[in-house]
Amino acid sequence: MGGEGAKGASPRLIVVVLASCGLVASFMQTLVVPLIPAFPRLLNASATDASWVVTVTLLAAAVVTPVSGRLGDLYGKRRILLASLGLLIIGSVLSALTSDLGLMIAGRGLQGCAMGVIPLGISIMRDELPPERIGAAIALMSATLGVGGAIGLPVAAVVAENADWHVLFWGAGALAAICGLLILKLVPESPVRTPAPFDYLGTIGLSAGLLSLLLPIVKGTEWGWTSPLTLGLGGASVLIFLGWGFYQLRTRDPLVDLRVSARRPVLFTNLASVLVGFAMYASALSFPQLLQAPSSTGYGLGQSMVQTGLLLAPNGLVMMVLSPVSARLARRFGARLTLMLGAVVIAIGYLFATVLMDNVAEIVAATVIIGAGVGIAYSAMPALIMGAVPVTETASANGVNSLMRAFGTSASSAVMATMLAHMTITVGALTVPSLGGFRATFLVGAAAAVAGLALTAIVPRKDRTPSNPAAALASSPV
């Protein structure tokens, strides 16, 4: 099949194809952001119900990402990657053909299933590329998690403002179909497999635990942080994860090997990933509102939706440009120090914005600095993870790491939305976040980056049990 013809494909071409798939998958997270204010009218639903069009994609991505990684280790990474793109195509077509809320939520949930493409692509690169190319390739693939969303926002804004909104979904389906064809033609199936049965009970437990945890985080502002539903789901998540962990430690072939996940390099890299993900999304939520706030506030910059998207586009571009730089830094100084550098740059960007936010140029400069830090940090994480896990668990381990980043963005969404909603001023008929509210979110973003720096500093300078020589070449010890 496609894998046979793919054997002659150059490593560079494989990297380009896989990175393009990562961009398309991450684009789904911001695809509908410009439409959020209009969804109640477009879908004939309340604002609370319409918000599920965004929430369901996040929840589906969180559940599917670690599961798809494990499926890739068991049954073939390329096969599961194609299945993920297939779900994205089905979800896009379904969304493009409907204006019904229920069908739209179903379609957006299927689109969220594509986020497993990124950890699967990273693992294919580790298995297929020559050692000297692994570091830069993985850095680029990892960076697509932030780049796709950042670039997708202005693209989606332009399309939403100048064409029928369903065009966004037709375009997403077409991009996914092109990626699938390129994978079939150019990317070989990885020969690395884990001969073991799939852990269905562990998958159900992880899914239930994640849904119980993420739902109150994402919906806590609407439901009330002390409401019985929020507290009940939070308590249920604790009980479910305790039972799930007990089962995972005692089953022969677990969905997630918690003993591997508890290794210091893996554990503290994943914890740092939560905080870097938190810091990244803080900018995605606060800067657009600051740019679009009316100038009559005295600090708002009065930009339109499309102008805001275009002004934030350099944030994503700098992430992509710096991913190969991050790989060279990791080879020279080690992935641990590279991740620490990324966290420092993110914190500097937020502090810059806290002090200098008087005009568009200063805000764009702050977002570029933050984007640079995110690009450096995101590109270093997989090298730290893969240097500490067995080769047969790379897709699963990268899936868990991607999940940690997604959890960080979810928590950031809840915290930042709550802060900006409670620190407001009224200008005429409008209620908008106050200047103090914006500065508080910037300081929280900087604090998250500093905390990520501290956790990364705890990662051992060298994993005592290297699992794969290619990983060592991709990230030299520090």
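Which residues does W225 touch, not counting residues up to four places away in sequence? In this predicted model, the residues touched by W225 are P216, I217, G220, T230, L231, A414 and T418. W225 itself is found in the loop between helix 11 (200-223) and helix 12 (228-250). The relative accessibility of W225 is 38%, so the residue counts as partly exposed, since that class lies between the limits of 20% for buried and 50% for exposed. A second position, A380, is 155 residues from W225 along the chain, and the C-alpha atoms of the two are separated by 35 Å.

Confidence in the model was examined next. The mean pLDDT of the protein is 85, and 94% of its residues reach 70 or more. Among the elements of the protein, confidence is highest in helix 6 (residues 77-96), with a mean of 95, and lowest in helix 20 (residues 469-474), with a mean of 39. Over residues 463-478 the pLDDT is below 50, and the model gives this stretch 40 contacts beyond near neighbours in sequence. Residues 1-5 also have pLDDT under 50 throughout; for these residues the model has nine contacts beyond four places in sequence.

Two helix pairs were considered in detail. Helix 5 (residues 52-75) packs with helix 7 (residues 101-112) at an angle of about 30°, and the two axes lie 7 Å apart. Helix 5 is therefore roughly parallel to helix 7, as angles under 35 degrees are placed in that class. The crossing of helix 5 with helix 7 is right-handed. On the helix 5 side, the contact is made by W52, V53, V56, T57, A60 and A61, which meet L101, M104, I105, R108, G109 and G112 of helix 7. Sorted by class, the residues of this contact between helix 5 and helix 7 comprise eight nonpolar, three polar and one charged.

The second pair consists of helix 9 (residues 131-162) and helix 17 (residues 360-386), which pack at an angle of about 125° with their axes 7 Å apart. Helix 9 is therefore oblique to helix 17, because an angle of this value falls outside the ranges for roughly parallel, roughly perpendicular and roughly antiparallel. Helix 9 and helix 17 form a right-handed crossing. The residues of helix 9 in this contact are I138, A139, S142, A143, L145 and G146, and those of helix 17 are Y378, S379, P382 and M386. Seven of the residues in the contact of helix 9 with helix 17 are nonpolar and three are polar, with no charged residues.

Two further single positions were inspected. T456 is found in helix 19 (residues 435-458). With a relative accessible area of 1%, T456 is buried, because the limit for that class is under 20%. Leaving aside neighbours within four places in sequence, T456 contacts A272, R336, L339 and M340.

N44, by contrast, is exposed, with a relative accessibility of 72%. N44 lies in the loop between helix 3 (39-42) and helix 4 (47-50). The backbone of N44 has a positive phi of about 55°, although N44 is not a glycine.

How values were computed:
Residues are numbered from 1 along each chain as its sequence is written. This is a predicted model: local features need pLDDT of at least 70, side-chain atom pairs count only at pLDDT 80 or more; totals for chains, interfaces and linings use all residues. Side-chain values use heavy atoms; hydrogens and water are left out. pLDDT is the predictor's confidence in each residue, from 0 to 100. Helices (H or I, at least four residues) and strands (E, at least two) are DSSP runs, numbered from the N terminus. Contact means heavy atoms within 4.5 Å. Axes are lines fitted to C-alpha atoms, for helices over the stretch in contact, and angles run from 0 to 180 degrees between N-to-C directions. Angles under 35 degrees count as roughly parallel, over 145 as roughly antiparallel, 65 to 115 as roughly perpendicular and the rest as oblique. A crossing is left-handed if the near helix is turned anticlockwise from the far one by less than a right angle, and right-handed if clockwise. Ala, Val, Leu, Ile, Met, Phe, Trp, Tyr, Cys and Pro count as nonpolar, Asp, Glu, Lys and Arg as charged, and the others, Gly among them, as polar. Buried means under 20% relative accessible area, exposed over 50%, partly exposed in between (1.4 Å probe, protein chains only).
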